Amino acid sequence: MNGLSLFKRASRAFDDYPSLAKLIVVCTVSGGGYVAYADANSSNGAHAVAPPVPEIRKKKVVVIGTGWAGTSFLKKLNNPSYDVQVISPRNYFAFTPLLPSVTCGTVEARSIVEPIRSIVRKKSVSVSYCEAECFKIDAENKKVYCRPNPDSSMNGKEEFAVDYDYLVIAMGARPNTFNTPGVVEHCNFLKEVEDAQRIRRSVIDSFEKASLPTLSDEERKRILHFVVVGGGPTGVEFAAELHDFVNDDLVKLYPAAKDFVQITILEAADHILNMFDKRITDFAEKKFHRDGIDVKLGSMVVKVSDKEISTKVRGNGGEITAIPYGMVVWSTGIGTHPVIRSFMQQIGQEDIAAIFKKADKDNSGTLTVKEFQEVIDDICERYPQVELYLKNKKMRDIADLLKMAKGDVAKEAIELNIEEFKKALSEVDSQMKNLPATAQVAAQQGTYLANCFNRMEEAEKNPEGPIRFREEGRHRFRPFRYKHLGQFAPLGGEQTAAQLPGDWVSIGHSSQWLWYSVYASKLVSWRTRALVITDWTRRSVFGRDSSRI
């Protein structure tokens with residue numbers, strides 16, 4: 001009875017005093033329990049209710065792409081004041097430096113991918129993902145137009161638009177075919193996981209076809225001729241991987257095919273790996289020669305048919321040679337995506353006329369050395385190629401650059417009109433080189449951009465970048481600066497060439513172990529690290545898998 005009386009008194013108290021709302025009282029009586037609960041619901045209006053707090057709208061950030069730049073941005077973004085929408089036709093991040101290893105079964109495709117939802121699910125930032133392809137960007141109305149992944153059951157017919165406050169374009173590039181006839185129809189590319197899997201199946205198919213008893217030796221030789229167009233890091237690494245796959249594994253399973261296999265690299269320049277130190281280039285060319293890989297330098301592809309690839313060798317009088325092949329891998333660099341090209345045309349870029357107008361403070365129509373010196377620091381920060389040009393040409397100051405455009409005039413008397421000013425800076429631009437289109441550059445760009453978003457509120461109040469030439473004020477952030485951390489070139493036979501900062505070059509088996517450790521550490525998750533290391537161990541013990549799956 002005492003327990004029931006206590007329960008009644010507690011219930012009456014909640015009715016009489018609504019301020020005790022949300023209070024839960026647990027009473028234990030004779031081994032049992034009673035729970036009393038009251039909610040805030042003042043019906044007599046005697047108690048004031050706090051006004052609702054207005055919901056702060058988060059800025060919408062749309063990220064197009066889940067490659068190196070996009071994923072690095074998502075991993076490093078930690079400002080919860082954004083609502084992030086990721087749009088990409090692939091719902092995973094792929095560790096692309098290991099794609100050549102996937103082509104030959106050294107590493108399995110599943111081992112180098114990580115679902116994008118897994119990467120962002122534990123972040124404090126609100127991130128959602130949509131599997132779709134962006135086909136148009138409307139910069140004026142801040143909209144991106146998308147369609148479902150062509151591989152989905154929607155067949156890409158349900159188009160939709162997504163609004164944004166900030167747009168991060170990280171959709172990457174596409175292979176550059178240089179409009180060479182037949183490349184798209186007959187060549188394999190090596191940019192996506194699907195490309196690597198397709199090449200792997202094609203290699204196995206070639207050996208199976210060559211084993212048929214009805215073929216002539218000439219046809220077997222053609223089918224087992226693997227051509228790599230492009231002597232850059234990707235093409236060289238694929239050729240090395242394929243050579244190891246053939247000689248370590250496939251010739252044991254297809255002994256009759258051993259004498260028919262040929263690997264050829266076609267490079268239009270004078271050397272392969274021409275972005276590396278000359279010591280690495282020389283070593284690679286000599287090693288490939290010893291391994292039986294035919295490196296044809298100065299060979300430009302002019303046409304590809306279903307069974308022949310036509311090349312024109314420099315210095316051979318323009319004569320075109322037809323080379324029979326069984327499979328071609330096209331690895332000659334990348335080109336700008338049409339969506340990005342269209343977007344850049346919409347937004348434009350700061351031009352020389354805007355810089356001239358900003359520097360010409362007296363609106364005289366000419367620019368003196370003094371006027372230009374007042375903005376030169378901002379120009380060099382915004383456009384680092386200017387400072388590099390001055391150093392390379394051993395010019396003491398900007399006056400030397402202006403004097404070059406003006407001619408034989410004393411420095412203190414130099415006055416440039418807009419056309420002469422354009423001439424001076426155009427000379428600088430002509431010497432400019434773009435950053436290499438590598439995973440290292442893209443990852444650093446994504447990290448830089450995430451840091452900008454993390455400090456957006458602070459930078460809006462206190463801009464730290466150079467002056468704006470087309471508008472008033474300063475840029476919020478300092479421009480991106482790339483820091484080169486070195487590069488690797490696996491050459492097969494457990495040998496790798498490494499070129500690290502400080503002109504440090506290493507070639508051989510020790511560099512291969514350095515390559516293993518660096519790549520393992522750069523993988524995006526512990527799951528992928530474990531899988532890749534397991535694949536490397538399996539391959540060293542059991543060899544590569546030659547099943548066609």
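**Exercise 1. Classify the exposure of Glu-460 and identify its salt-bridge partner.**

Solution. Glu-460 has a relative accessible area of 43% and is therefore partly exposed, given that buried means under 20% relative accessible area, exposed over 50%, and partly exposed in between (1.4 Å probe, protein chains only). The model is predicted, so local features need pLDDT of at least 70 and side-chain atom pairs count only at pLDDT 80 or more, whereas totals for chains, interfaces and linings use all residues. Residues are numbered from 1 along each chain as its sequence is written, and side-chain values use heavy atoms, with hydrogens and water left out.

The next step is the partner. The side chains of Glu-460 and Arg-476 meet in a salt bridge at 3.3 Å, N to O; the term requires a side-chain nitrogen of Lys or Arg within 4 Å of a carboxyl oxygen of Asp or Glu. Glu-460 belongs to helix H18 (456-461) and Arg-476 to the loop between H18 and E22, so the pair ties together parts that are 16 residues apart in sequence. Helices (H or I, at least four residues) and strands (E, at least two) are DSSP runs, numbered from the N terminus. Arg-476, at 28% relative accessibility, counts as partly exposed.

**Exercise 2. Determine which parts of the chain are tied together by the salt bridge of Glu-192 and Arg-90.**

Solution. The closest approach of the two side chains, N to O, is 2.5 Å. Glu-192 lies in the loop between helix H5 (183-186) and helix H6 (193-210), and Arg-90 in the loop between strand E4 (82-88) and strand E5 (92-94), so the bridge ties together parts that are 102 residues apart in sequence. As to exposure, Glu-192 counts as partly exposed at 28% relative accessibility, while Arg-90 counts as buried at 15%.

**Exercise 3. Place the pair Glu-108 and Arg-200 in its network of salt bridges.**

Solution. The closest N and O atoms of Glu-108 and Arg-200 are 3.3 Å apart. Glu-108 sits in the loop between helix H3 (99-103) and strand E6 (113-115), and Arg-200 in helix H6, so parts 92 residues apart in sequence are tied together. Arg-200 is buried, with a relative accessible area of 12%, but Glu-108 is partly exposed at 26%. The network links these two residues with Asp-535 and Arg-538. The count for the model comes to 26 salt bridges.

**Exercise 4. Establish which residues of helix H9 are buried and what covers them.**

Solution. Helix H9 (residues 278-291) has 14 residues and reaches 20 Å from its first C-alpha to its last, close to the expected 20 Å, the expected span being 1.5 Å times one less than the number of residues. Its buried residues are Ile-280, Thr-281, Ala-284, Glu-285, Lys-287 and Phe-288. They cover an arc of only 165° around the axis, which puts them on the same side of H9; the arc is that of the directions from the helix axis to the C-beta atoms. On the other side, Lys-278, Lys-286, His-289 and Arg-290 are exposed. The cover of the buried residues includes helix H8 (233-253), strand E13 (262-267) and strand E22 (487-492). Just after H9, Gly-292 takes a positive phi of about 90°.

**Exercise 5. Explain why helix H2 is largely enclosed.**

Solution. Seven of the nine residues of H2 (residues 68-76) are buried, so the rest of the structure largely encloses the helix. Among them are Trp-68, Phe-73 and Leu-74.

Terms used
Contact = heavy atoms within 4.5 Å.
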